[in-house]
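Trainee: Could you walk me through this one before I go back to the bench?
Mentor: Gladly; let us have it in front of us and take it piece by piece.

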Amino acid sequence: MITMDDIIREGHPSLKKVAKEVMFPLTEEQKQKAEEMLQFLKNSQDAEISEKYQLRGGVGLAAPQIDWLERVIAVHVPNVENPDEPLFSAVMMNPKILSHSVEETCLSEGEGCLSVDREVPGYVVRHSRISLEYTDLNGETQKARLRKYPAIVVQHEIDHLNGIMFYDHINAKEPWKVADDVNIMS
Ligand SMILES: CC(C)(C)[C@H](NC(=O)Nc1cc(F)cc(F)c1)C(=O)N(CC(=O)NO)CC1CCCC1
Ligand SMILES: [Zn+2]
């Protein structure tokens, strides 16, 4: 199982690299690692397991964060009303944003990262809505249109596939300043 020890932290060169396209058919090893990424997120959101293994509650994970330089991400966004039924959950191979809204949004408290053991204050402005295409674990092409928190998580994870950290988007001079048409999301 993936634990925090498997997650590389900032300073590790792999976090700045561009991950390679996944080729199909997947090997058993690739399938297993991708499934373990999603299981890590589920475990990290489970009170007992996260306590037992000291896991940080995670909603998304990109393969480079476990030093696997291929274009694989896992996203598991819980639905606070009904924890058994996630808001959005997927393993995506070769995710590609096909189009996005002009409208932009950011989280009111800024962002963090499982690979960053410090607070980096500031708004991280992202597309409000995205249309994306990816290949799933069965090798089938999927399309998804995301908005709000799931859209933010997926954009954060796709950034990792391109060696981009959330703080690369923060305005260094005025971290909490955004254009007035940016939708600040709490
Ligand atoms: C860095 C961390 C604070 C752990 C962040 N979690 C989070 O923002 N909140 C959270 C955690 C839960 F378990 C359940 C829940 F609904 C909300 C996170 O997982 N990520 C993913 C990451 O680091 N991927 O590389 C950072 C988020 C910042 C904005 C999008 C993803
Ligand atoms: Zn991250």
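**Sheet, helices and zinc site**

Mentor: Bear in mind that this is a predicted model. It has an open sheet of five strands, in the order β1-β2-β3-β6-β7, and the pairing is antiparallel.

Trainee: Which are the edge strands?

Mentor: They are β1, residues 60-62, and β7, residues 141-147, each of which pairs on one side only. Neighbouring strands of this sheet are turned by 40 degrees against each other on average, with direction ignored.

Trainee: And which helices pack on the sheet?

Mentor: One of them is α1, residues 28-44, which touches β1, β2 and β3 and has a direction at about 25 degrees to that of β2. Another is α3, residues 148-161, which touches β1, β2, β3, β6 and β7, its direction making about 155 degrees with that of β2.

Trainee: Back to the strands for a second: over how many bridges do β2 and β3 pair?

Mentor: Strand β2, residues 72-77, pairs with β3, residues 88-100, over six bridges in the antiparallel sense. If you want a place to look, I73 has M92 in β3 as its bridge partner. In general, strands of a sheet pair through backbone hydrogen bonds, either parallel or antiparallel.

Trainee: Now α3, is it mostly covered or open?

Mentor: Mostly covered, since twelve of its 14 residues are buried, among them I152, V153 and V154, but also H156, E157 and H160. From its first C-alpha to its last, α3 reaches 21 Å, which is close to the 20 Å expected at 1.5 Å a residue. Just after α3, G163 takes a positive phi of about 75 degrees.

Trainee: Different topic: what are the protein donors of the zinc ion?

Mentor: For the zinc ion, ligand 2, they are SG of C113, NE2 of H156 and NE2 of H160, lying 2.1 to 2.3 Å from it. Along the chain, these donors follow the spacing C-x42-H-x3-H.

Trainee: Where do C113 and H160 sit, then?

Mentor: C113 is in the loop between β4 (104-107) and β5 (126-127), whereas H160 is in helix α3, 47 residues apart, so the pair links distant parts of the chain.

Trainee: Why do C113 and H160 count as buried?

Mentor: The cut-off for buried is under 20% relative accessible area. C113 counts as buried because its relative accessibility is 5%, and H160 does so because its relative accessible area is 2%.

Trainee: And the short histidine spacing, is there a general rule behind that?

Mentor: The general rule is that an α-helix has 3.6 residues a turn, so residues three or four places apart point the same way.

Technical notes:
Residues numbered from 1 in each chain as written. Chains lettered and ligands numbered in written order. Predicted model: local features only at pLDDT ≥ 70, side-chain atom pairs only at ≥ 80, totals over all residues. Heavy atoms only, no water. Pairing = 2+ DSSP bridges. Helix = DSSP H or I, 4+ residues; strand = E, 2+ residues; numbered from the N terminus. Axes fitted to C-alpha atoms, helices over the stretch in contact; angles between N-to-C directions. Contact = heavy atoms within 4.5 Å. Expected span 1.5 Å × (residues − 1). Buried < 20%, exposed > 50% of the residue type's maximum accessible area, 1.4 Å probe, protein only. Donors = N, O, S within 2.8 Å, 3.2 Å for Na, K, Ca; no water.
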